[in-house]
Amino acid sequence: MESIYYVLTWACHRRCKHCYDTRFHPYVRDALEDVLVESDTHFERVIANLPSTMIYRDPKNLTPEGKPEERIGRIILAGGEVLINPVRERVFYPALDALNAKYGRGGVKISIQTTGDLVTPKILDEMLDRNVWMIAIAGMDDFHVGMEGDKRLPLMDSLTDMFEKAGMQQAPDASTGRDYLTEDGPFYFFFGAQPDQWIGELWPRGRAWENSLTKADMNTNFCARHSGGRNFLNHGMAGSEVAIEPDGSVFPCCLKTKVPIGNVSEEPLIDILESLKGHPVFEALNQGAPDKMGLTHGWSEEKFHQASHTELPNGTPFANLCIGCDKFHEEVMEPVIRDLTEKRRASRKRLAG
């Protein structure tokens, strides 16, 4: 696949008001142990059930023979915050080691997301020694306390100095003409939920929803954007991406449908995706057209659009296709997905003899 977004842990050292999932927050004592157990109980099985190869084909870049170029896909490890103690030593580093054992040092591009304020030269060296290709510093936006406006510049300057002393480069933007996805790196870059960036409207999820912060509307089709559902079924091809939670639950988008499409701690990811191919609901998601999901289940596009209207918690009228998707999954898809899961389970039992 081109990309797998794998949330290793719910544990975080922040409780940001715009976060897309309320489970990301600080945990202590028994609660911290519970989230750690969820992570370290599942990550080895999750990684074992990831695709055997992360090579994908890109039709937009052709070989001299006119065939789609083969490229190496990315696995993005995120939280929460993977660098907090004890997540770093107990889950994050072992997961890096497991990925390198599975794919080898040239078989996958490992990216991590971190808030950046916990990175030290020692931790940076430990990550680079474990084949980390990209470090993405999230939270460079006005929603993060202490990162508003120019307040984030000292951290950015400090990290830039640290990264470049370690031999890293800032990921070049498209205007440079460089295709860094084909380069060995290591790279770093900064991003956040700024209005002019891809998550600028904020997903109608988590605390962004609870705090009535999302600015999305019916013209905001997150499904057709980066990290949306579009192309999730096209494993082996450019644009394919899924999101995985700590327990192995897998989703066609980072925003997450109301019901996971399977659990990759229990069965191979490719088996899950293959079983969904040709299904009209998932093909619509794969096309980035969520309002067409229900056409074979009595949900016209008009009904879907009507179901996409609601109110924010503060009483403001709100409408977005993600709301219609949520309602459709709640009313229709839970038994459908359960049936598909049972069919895959039965098929594995038959093959096992």
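**Exercise 1. Placing T9**

Where does T9 lie, and between which strand and helix? Find the residues around T9 too.

*Solution.* The model is predicted. Step 1: locate the residue. T9 lies in the loop between strand 1 (3–7) and helix 1 (29–48). Step 2: check the surface. T9 is buried, with a relative accessible area of 1%. Step 3: look for polar partners. The T9 side chain reaches the backbone nitrogen of A11 at 3.0 Å. Step 4: list the contacts, leaving aside neighbours within four places in sequence. T9 is in contact with F24, S39, A78, G79, G80, E81, V87 and P246.

**Exercise 2. A serine in a strand**

Is S111 buried or exposed? Name its strand and its contacts.

*Solution.* Step 1: S111 lies in strand 5, residues 109–114. Step 2: S111 is buried, because its relative accessible area is 6% and the cut-off for buried is under 20%. Step 3: set sequence against space. S111 and A78 are 33 residues apart in sequence, yet 8.6 Å apart in space, C-alpha to C-alpha. Step 4: list contacts, again leaving aside neighbours within four places. S111 is in contact with I75, I76, L77 and M134.

**Exercise 3. The nonpolar core**

Which residues touch the most other members of the largest nonpolar core? Then examine F282.

*Solution.* Step 1: recall the background. In soluble globular proteins, nonpolar side chains tend to be buried together. Step 2: read off the core. The largest nonpolar core has 103 residues, and L77, F92, M127 and F282 touch the most other members. Step 3: ask which element gives most. Helix 9 (residues 321–351) supplies the largest share of this core, ten residues. Step 4: take F282. Not counting residues up to four places away in sequence, F282 touches F232, L233, I261, L276, M333, I337 and L340.

**Exercise 4. Helix 9 from end to end**

What caps the N-terminal end of helix 9, and where does helix 9 bend?

*Solution.* Step 1: start at the N-terminal end. N320 is the cap, with a side-chain oxygen 3.0 Å from the backbone nitrogen of C322. Step 2: compare spans. A straight helix of 31 residues would span 45 Å, but helix 9 spans only 40 Å between its end C-alpha atoms. Step 3: find the bend. Helix 9 bends by about 60° at M333. A proline, P335, follows within four residues. Step 4: leave the helix. G353 follows helix 9, and its phi is positive, near 85°.

**Exercise 5. Cysteines without partners**

How many disulfides does the structure hold? Explain the state of C254.

*Solution.* Step 1: count. The structure holds zero disulfides. Step 2: test C254. The closest cysteine sulfur, in C253, is 7.3 Å from the sulfur of C254, so the two are too far apart for a bond. C254 is buried, with a relative accessible area of 4%. Step 3: test C322. C322 is in no disulfide; the nearest cysteine sulfur, that of C325, is 6.6 Å away. C322 is buried as well, at a relative accessible area of 10%.

**Exercise 6. Unusual backbone**

Which peptide bonds are cis? Which residues other than glycine have a positive phi?

*Solution.* Step 1: recall the rule. Most residues other than glycine have a negative phi, and most peptide bonds are trans. Step 2: take the bond from N85 to P86. This bond is cis, with omega near 0°. P86 is in the loop between strand 4 (74–78) and helix 2 (87–103). N85 is exposed, with a relative accessible area of 54%. The N85 side chain makes a polar contact with the side chain of R88 (3.0 Å). Step 3: take the bond from G185 to P186. It is cis, with omega near 0°. P186 is in the loop between strand 7 (169–170) and strand 8 (187–190). Step 4: turn to phi. N131 has a positive phi, near 75°, and sits in the loop between helix 3 (121–129) and strand 6 (132–137). S227 has a positive phi, near 70°, and sits in the loop between helix 5 (206–210) and strand 9 (241–244). Step 5: check burial. N131 is buried at 15% relative accessible area, and S227 is buried at 8%.

Conventions: Residues are numbered from 1 along each chain as its sequence is written. This is a predicted model: local features need pLDDT of at least 70, side-chain atom pairs count only at pLDDT 80 or more; totals for chains, interfaces and linings use all residues. Side-chain values use heavy atoms; hydrogens and water are left out. A nonpolar core is a set of buried Ala, Val, Leu, Ile, Met, Phe, Trp, Tyr and Cys residues joined through side-chain atoms within 4.5 Å. Buried means under 20% relative accessible area, exposed over 50%, partly exposed in between (1.4 Å probe, protein chains only). Helices (H or I, at least four residues) and strands (E, at least two) are DSSP runs, numbered from the N terminus. Contact means heavy atoms within 4.5 Å. A disulfide is a pair of cysteine sulfur atoms within 2.5 Å. The expected span of a helix is 1.5 Å times one less than its number of residues. The bend at a residue is the angle between axes fitted to the seven residues ending there and the seven starting there. A polar contact is a pair of N or O atoms within 3.5 Å; within protein, one must be able to donate a hydrogen and the other to accept it, and residues adjacent in sequence count only if both atoms are side-chain atoms.
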